[in-house]
Amino acid sequence: MTIEIVLEGKLTEEKDFEGYLELIQDICKERKLKMEFYDRLSFIDVCPEGYIQVSYENQYLSISSQTNVVGAGFHAYVCEFLDGLIEKSPLELQVSDPTDYFAHRDFERLKYKIYYQWLSDLSAYILDQKDQVKDLCISWQVDYYLPKEKKGYVITPMGYIPVTLFEPQHLEELAQTFFIWNNKEKNALFYKNCALNLLWKECYFEYSNMDEKTIDTAHMILDYLEMAFEKDASIPLPILEYYELCETMNREIKITNPISMISIPQI
């Protein structure tokens, strides 16, 4: 099951879409978000795995985001983003939200009744399949590389997660590990998980300064880790990877006396 929030509105003329694109760009600038354009399709990059898609077809403007992989905090953020657009829209726009959060704004219900239930259902599937499927790969996009199988682990956007962590008694710990944005605020765990996701999917360490993209990704990872430490110096971090990446990028080490997280299997 996916959780997707969608805003739609019928536009009278094609030039109206251009006006909405400008309006959306203004909101992105206010929120310091990157927006990429592909003809009638645009993507707003909010956080790792967290995107908002803007499209126009048959006179309909559509803004959508699949939020279940990122977490309840991201879903709440998307709703606030849509608030800004609706407030400034000259035309009526309709929002479809299967969680009902857009209408009621009850974050505790969103987090525990919707996202934790989604994760619980996913866990039940994984535990049921663990002895029947050779390699369990969950919420992994088809255009990513395919990590090799590791016995006793599930491949996820957050890296290898032990199958045992999907047992019901570990749901809270699993949510903090699986979801990048588990809470409403951008706390230390959010920044740590952003970094872990990029480390797992994008970072090449000694190859991190090959081109503009790899350099930007490497510095983004370091920024995320430093922000996590600034928010909470007691949060365990992948500190060996941080030191190695600082050395590769010839960047000053800003995290001192950290707590190192327990190492997880690498690719």
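## Helix packing, sheet order and a buried phenylalanine

Helix 7 and helix 8 are oblique to each other, because an angle of roughly 135 degrees falls outside the ranges that count as roughly parallel, antiparallel or perpendicular. The model is a predicted one. This briefing treats two helix pairs, an open sheet of 6 strands, and the surroundings of Phe-166, a residue that counts as buried.

**Helix 7 with helix 8**

- Helix 7 covers residues 212–231 and helix 8 covers residues 239–248; their axes come within 10 Å of each other.
- The crossing in which helix 7 passes helix 8 is left-handed.
- On the side of helix 7, the contact is made by Ala-218, Ile-221, Leu-222, Leu-225 and Glu-226, which meet Tyr-242, Leu-245 and Cys-246 of helix 8.
- By class, these contact residues comprise 7 nonpolar and 1 charged, with no polar residue.

**Helix 1 with helix 2**

- Helix 1 (residues 14–31) packs against helix 2 (residues 72–88) at an angle of about 130 degrees, and the axes lie 10 Å apart.
- That angle makes helix 1 oblique to helix 2.
- Helix 1 passes helix 2 in a right-handed crossing.
- Helix 1 contributes Tyr-20, Leu-23, Ile-24, Ile-27, Cys-28, Glu-30 and Arg-31 to the contact, while helix 2 contributes Tyr-77, Glu-80, Phe-81, Gly-84, Leu-85 and Lys-88.
- The contact of helix 1 with helix 2 has 8 nonpolar residues, 1 polar residue and 4 charged residues.

**The open sheet**

- The 6 strands are arranged in the order 2-3-4-5-1-6, and their pairing is antiparallel.
- Strand 2 (34–38) and strand 6 (94–96) are the edge strands, each of them pairing on one side only.
- From one strand to the next, the twist averages 15 degrees.

**Pairing from strand 2 to strand 5**

- Strand 2 pairs with strand 3 (residues 41–47) in the antiparallel sense over 5 bridges; here Tyr-38 has Leu-41 of strand 3 as its bridge partner.
- Strand 3 and strand 4 (residues 50–57) are joined in the antiparallel sense by 6 bridges, and Phe-43 has Gln-53 of strand 4 as its bridge partner.
- A hairpin is formed by strand 3 and strand 4, with 2 residues between them, and Glu-49 in the turn has a positive phi of about 75 degrees.
- Between strand 4 and strand 5 (residues 60–66) there are 5 bridges, again in the antiparallel sense; Glu-57 stands opposite Tyr-60 in strand 5.
- The hairpin of strand 4 and strand 5 also has 2 residues between its strands, and Asn-58 takes a positive phi near 50 degrees.

**Phe-166 and its surroundings**

- Phe-166 is placed in the loop between strand 8 (159–162) and helix 5 (171–178).
- Phe-166 counts as buried because its relative accessibility is 1%, and the cut-off for that class is under 20%.
- With neighbours within four places in sequence left aside, Phe-166 is in contact with Ser-123, Ile-126, Leu-127, Val-154, Ile-161 and Leu-174.
- Phe-178 lies 12 residues from Phe-166 along the chain, and the C-alpha atoms of the two are separated by 10.0 Å.

Definitions and conventions:
Residues are numbered from 1 along each chain as its sequence is written. This is a predicted model: local features need pLDDT of at least 70, side-chain atom pairs count only at pLDDT 80 or more; totals for chains, interfaces and linings use all residues. Side-chain values use heavy atoms; hydrogens and water are left out. Axes are lines fitted to C-alpha atoms, for helices over the stretch in contact, and angles run from 0 to 180 degrees between N-to-C directions. Helices (H or I, at least four residues) and strands (E, at least two) are DSSP runs, numbered from the N terminus. Angles under 35 degrees count as roughly parallel, over 145 as roughly antiparallel, 65 to 115 as roughly perpendicular and the rest as oblique. A crossing is left-handed if the near helix is turned anticlockwise from the far one by less than a right angle, and right-handed if clockwise. Contact means heavy atoms within 4.5 Å. Ala, Val, Leu, Ile, Met, Phe, Trp, Tyr, Cys and Pro count as nonpolar, Asp, Glu, Lys and Arg as charged, and the others, Gly among them, as polar. Two strands pair if DSSP finds at least two bridges between them. Buried means under 20% relative accessible area, exposed over 50%, partly exposed in between (1.4 Å probe, protein chains only).
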